[in-house]
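Notebook open, structure loaded. Today I'm looking up aromatic pairs and helix packing.

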Amino acid sequence: MLAIFLKNLALHFPVNIPVGKSYIPVHFVCETLAYFIGYRYYVYLRKHTQDPISAEHRLIIFIGAAFGALIGSHLVGVLENPRLLPRFNLVYLMGNKTIVGGMLGGLIGVELTKKKIGVKVSSGDMMVYPLILAMIIGRTGCFLAGLEDGTFGVPSNLPWAINFGDGIRRHPTNLYEILFWIVLWLSLNIIEKYKHFTDGSRFKIFLSSYLIFRFLVEFIKPDYFFSFGLSVIQLVCIAGIVYYYKVFLYPSKLIKPDA
């Protein structure tokens, strides 16, 4: 319904904010707001929640996460299209990034950092809702960027398919992702009204669910697929899903037993 509504608005992609003779890309605005609002939401939650991790250790963990996310995002982004690897240079490296690589790289960075400083409790649970909010805002920017962002889907004749400016109606996969994040947010909230997650389980559900979603949605995106039918992003998703295998084999362990 959201996609049909937006299509009827006759948007002209990419959507930009005019400033004199120039303009500001709405994508850039949304990306900036995603970081700012997501962080402010995290600060709010931390202020109203008993955090077993000290402020000093939180800062160190943030640095580890940011460093890991930076490496993972650009590394997977570069590998996403193997045919372009011969053109590899610094500009190409910095110009290619992906959320999946960023999340898994951030996860590795956090785990290595926590091991180094001796933190054994989950640091990700408190970040789940701020990350979801940031992703919703960020993907809104991706949608409004149209073809420039590269997150659109393959051509489609479905009623909600959208013309992003080239005359071809496509799957609005960025809107599918926004819908996914909203459903996940509501689902987690409903579960937590009646049950309590064990330490770290909220983040495990958050990331493993997203990896499954991305694995599936990549089939309707114009990615580079290997001869065996999968893309680099999907292979990375599989690696992450395997890492979280216990989430799927032992789901009962995600919930604290009733007192």
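Started in helix H8, where I found Phe203 and Phe206 three residues apart, about one turn of the helix. I reminded myself that an α-helix has 3.6 residues a turn, so residues three or four places apart point the same way. Worth noting early: this is a predicted model.

Looked up burial for the two: Phe203 and Phe206 are both buried.

Next, the ring geometry. I counted 18 aromatic pairs. For Phe203 and Phe206 I got 5.5 Å between the ring centres and 40 degrees between the planes; that angle falls between the 30 and 60 degree cut-offs, so I logged the pair as tilted.

For another geometry I pulled up Tyr224 and Phe226, an edge-to-face pair with 5.4 Å centre to centre and 90 degrees between the planes. Checked accessibility there too: Tyr224 comes out at 22%, so I have it as partly exposed. Phe226 has a relative accessible area of 25% and is also partly exposed.

Which residues do ring pairs link into a cluster? I listed Phe180, Trp181, Phe203, Phe206, Tyr210 and Phe213. Phe180 and Trp181 turn up again among the buried residues of H7, along with Leu184, Trp185 and Leu188, to name some. H7 itself has 22 residues, and I get 32 Å from its first C-alpha to its last, close to the 32 Å expected at 1.5 Å a residue.

Then on to what H8 packs against. The axes of H6 and H8 come within 10 Å and cross at roughly 30 degrees. That is under the 35 degree cut-off, so I put H6 and H8 down as roughly parallel to each other. On the H6 side the contact uses Val128, Tyr129, Leu131, Ile132, Met135 and Arg139, and on the H8 side Arg202, Phe203, Phe206, Tyr210 and Arg214.

Moved to H5. Does its length come out as expected or not, at 1.5 Å a residue? The 19 residues of H5 (99–117) should span 27 Å, and I find the end C-alpha atoms 26 Å apart, which agrees. Its buried residues include Gly101, Gly102, Gly105, Gly106 and Gly109, as well as Met103, Leu104 and Leu107. Among the elements covering the buried residues of H5 I noted helices H3, H6, H7, H8 and H9. Just after H5, Gly118 has a positive phi of about 80 degrees.

Last look of the day: the charged end of Lys253 sits over the ring of Tyr250, 4.9 Å from its centre.

Key
Residues are numbered from 1 along each chain as its sequence is written. This is a predicted model: local features need pLDDT of at least 70, side-chain atom pairs count only at pLDDT 80 or more; totals for chains, interfaces and linings use all residues. Side-chain values use heavy atoms; hydrogens and water are left out. Helices (H or I, at least four residues) and strands (E, at least two) are DSSP runs, numbered from the N terminus. The expected span of a helix is 1.5 Å times one less than its number of residues. Buried means under 20% relative accessible area, exposed over 50%, partly exposed in between (1.4 Å probe, protein chains only). Contact means heavy atoms within 4.5 Å. Rings of Phe, Tyr and Trp (its six-membered ring) pair if their centres lie within 6.5 Å; planes under 30 degrees apart count as stacked, over 60 as edge-to-face and the rest as tilted. A charge sits over a ring if NZ of Lys or CZ of Arg is within 6 Å of the ring centre and within 35 degrees of the ring normal. Axes are lines fitted to C-alpha atoms, for helices over the stretch in contact, and angles run from 0 to 180 degrees between N-to-C directions. Angles under 35 degrees count as roughly parallel, over 145 as roughly antiparallel, 65 to 115 as roughly perpendicular and the rest as oblique.
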